[in-house]
Amino acid sequence: MKSYRTYAIIAALMGAMLFAGPAEAKQLNVVTSTTDMAALAQEVGGDKIKVEAIARGYQDPHFVEAKPSFLLKLRNADLLIAVGLDLELGWLPALVTQCGNGKIQPAASGYLDASQFAEILEKPTGPVSRAQGDVHPLGNPHYWLDPDNGRRIAKGIAAKLAQMDPENAAYFQQRAADFEQRLAQAEKRWQQQMAPYRGRKVVSYHKSWPNFARHFGLDVVGYVEPRPGIPPSPQHTMELIGQMKRDNVKIILVEPYFDLKTPNSIASKTGGKVVVLLPSVGGEQQASDYFKLFDYDIQLLTSAFQQVK
Amino acid sequence: MILLLCTAFAAAQTAAAPPPAPTAEDRIRELEDRIIALEGQVRMLQQQATTSQPAAQPAAPAPAQPLETVAATQPSDAAAQQPQLGGAPSMAKALNPDIAVIGNFVATAGHNPIVESPSLAVPETEVSFQAVVDPYARADVYLSFGEEGVDLEEGYLTFTALPRNFVAKVGKMREYFGKVNTMHTHVLPWVDRPLITENLLGGEEGLSDAGFSISRGFAGPKGIYLEATGQMYRGDAGDVWSQSGKRDVSALAHFRGYGDITESTNLDIGFSYGRGHNDLGSDFLTQLYGVDATLRWKPLRRAIYHSFLARSEFVWSDRQQFPARQRAFGFFTSADYQLARRWWMGGRFDWSDRARAAALTDKGGSFVLTYWPSEFAQIRGQYRYTNYAEGRNANELLMQVLFAIGAHGAHPF
């Protein structure tokens with residue numbers, strides 16, 4: 001008899017949970033894996049959406065902890081926008097599986113992989129293995145750092161929002177067109193600022209900048225990491241110092257979540273300069289939207305180039 | 001008036017003028033965008049095929065891409081030239097689940113008069129298969145290959161699209177009692193499991209059984225995440241619960257509260273209750289009560305270099321048996337600090353009565369040092385001291401090498 005009572009208590013608990021449903025949302029609830037996707041979604045969604053990012057802009061997006069508090073964001077989401085290309089492989093699938101929201105499961109209508117709209121670089125052409133480090137078999141996932149891709153992603157998100165909220169389709173399309181126009185204007189300014197430095201060789205810590213470098217005409221000739229995701233080794237560091245001296249490379253780009261000890265040591269031996277460049281919106285307070293991210297990075301970069309002339 | 005008319009005429013002319021013709025640059029950009037969009041669609045379709053998504057569903061990404069299946073989706077010239085016999089094998093490859101193997105090698109030195117361990121052993125090699133089954137569920141199967149045979153460590157279906165944010169699981173699972181019981185060996189920060197697992201929670205493997213589970217998360221006050229889970233199992237789990245008849249099922253309830261204290265620090269507290277029949281028959285119950293607490297610190301800007309985790313679990317066991325009911329208690333408390341990107345150190349204190357003889361208490365302590373050559377391998381050394389209730393002591397040095405190949409999905413936090 002006692003056992004039936006226990007089971008009845010569990011059943012009652014579950015029954016109570018059944019009727020504790022979420023309140024009806026007026027705006028589309030959009031959750032994004034990174035702040036960059038949130039910034040682009042906000043540009044086109046305006047006040048018709050409520051958008052929240054899971055990872056912070058100063059966090060390494062490869063290694064985000066799948067904290068239960070994120071489940072609360074995901075359980076009421078109408079749309080989940082992911083960077084894709086396995087960037088969030090270590091944390092997003094676990095959250096999506098546990099959140100209990102059928103709308104945002106892979107293949108459901110509320111799951112959007114933004115990589116489908118972007119030009120992807122560094123797609124491996126031969127066999128891939130982990131001997132190459134933490135390689136991304138589908139291509140480099142840091143694609144949002146090319147304003148052309150930003151424009152394409154914004155357009156893709158606008159189309160998705162229009163599909164989910166047809167009443168406001170014109171609003172989303174209009175905002176996407178406005179974003180494109182403002183981006184084209186900003187682009188002129190950025191290209192002008194970077195023009196004197198086109199073709200300059202730089203070194204970066206991780207392979208975060210292929211799209212940015214190609215767009216602004218930089219030549220990334222080496223990496224502080226011997227292979228993606230593998231911490232720097234003394235031998236590789238010595239080789240890199242030699243290469244930088246030979247090629248007269250003076251700029252070392254470092255993401256805000258990496259340790260500066262090795263880059264600083266390389267800079268001191270090569271007469272170079274370490275530039276902590278932001279790969280994501282929100283990496284610093286000033287980089288609070290997609291435009292300000294490029295403003296911040298380009299200002300920092302041009303000032304560094306001037307200093308190492 | 002003439003001026004006004006002229007202005008109106010000029011405005012009308014401007015409004016009627018056709019939009020400017022697109023420049024060659026605009027056309028090239030548009031074509032470029034279209035090619036990139038098409039490439040993206042192809043990529044999505046390839047991913048869709050590799051993750052067993054039904055063809056009728058809209059394109060979507062794979063949660064996990066095994067390197068093997070990605071390679072399998074690349075068309076090869078040689079394959080295109082060969083006759084296609086039925087086409088099923090290539091599709092079957094594309095629909096393979098994510099497969100991973102986790103090897104675990106353990107070497108033991110020192111003397112233990114109570115629990116003897118082999119000097120060199122491969123106690124477990126885990127093979128996992130994970131895939132989305134259909135738009136409503138995903139499957140996770142973990143086989144454990146030990147030196148004495150193969151065992152289904154876990155094999156369950158998770159229903160991910162239930163109404164009202166419920167998540168249900170059915171199959172064989174590690175029971176949701178405390179924290180450590182739910183964790184696979186390769187995610188533990190130690191070579192071994194705490195004494196409470198051995199003494200109160202079913203022995204080396206812990207509580208694991210066939211059954212079903214249903215859980216739901218709630219938003220609590222001040223952003224606290226609350227989660228309630230109810231589980232029912234066949235009633236065969238280690239030496240804790242045993243089924244004598246079909247009605248001797250075991251039941252388990254878990255309540256969890258999680259809160260972010262700051263963006264770097266969080267606290268996770270759980271309460272567990274389990275109830276089932278023991279090996280003495282249907283009239284004899286064993287009830288378990290548990291409290292677990294975990295404090296984590298991980299600075300977001302330096303998350304890959306430094307972190308700290310402190311954990312404690314307290315377990316009370318109430319076992320009906322002859323000649324007298326046994327009420328046993330045990331706990332462990334541990335702390336682990338990440339010193340650098342590849343180095344961790346930690347310690348654990350154990351104290352536990354034995355479930356069948358609560359007057360007997362074992363105590364112990366461990367010091368652990370772990371080195372990660374990469375995300376996919378780790379080398380660990382552990383010094384373990386145990387003071388057994390019989391009055392005998394054990395001093396042991398354990399060494400473990402873990403490695404992972406393939407695509408292993410992330411474990412729950």
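This is a walk through a predicted model, from the interface of its chains to a pocket and a few local details. Local features need pLDDT of at least 70 and side-chain atom pairs count only at pLDDT 80 or more, while totals for chains, interfaces and linings use all residues. Residues are numbered from 1 along each chain as its sequence is written, chains are lettered from A and ligands numbered from 1 in the order in which they are written, and side-chain values use heavy atoms, with hydrogens and water left out.

Let us start where chain A and chain B touch. Here 72 residues of chain A are in contact with 72 residues of chain B, contact being heavy atoms within 4.5 Å. The area buried between the two chains is about 6500 Å², and carbon and sulfur atoms give 57% of this; buried area is the accessible area (1.4 Å probe) that two parts lose on being put together, summed over both.

Across this interface there are 8 salt bridges, each a side-chain nitrogen of Lys or Arg within 4 Å of a carboxyl oxygen of Asp or Glu. Arg152(A) and Glu32(B) join their side chains in a salt bridge (3.5 Å, N to O). On the side of chain A that touches chain B, the elements that give two or more residues include helix 1 (2-18) and helix 5 (147-164). Helices (H or I, at least four residues) and strands (E, at least two) are DSSP runs, numbered from the N terminus. Helix 1 of chain A gives the most to that side, with 10 residues.

Over all chains, the structure holds 31 salt bridges. Within chain A, the side chains of Lys73(A) and Glu52(A) meet in one (3.8 Å, N to O). Lys73(A) sits in helix 3 and Glu52(A) in strand 2 (residues 49-53) of chain A, so the pair ties together parts that are 21 residues apart in sequence.

Two backbone details deserve a look. The peptide bond from Phe322(B) to Pro323(B) is cis, with omega near -5°, and Pro323(B) is found in the loop between strand 11 (307-319) and strand 12 (326-338) of chain B. In chain A, Ala107(A) has a positive phi of about 80° although it is not a glycine. The place of Ala107(A) is the loop between helix 4 and strand 4 of chain A.
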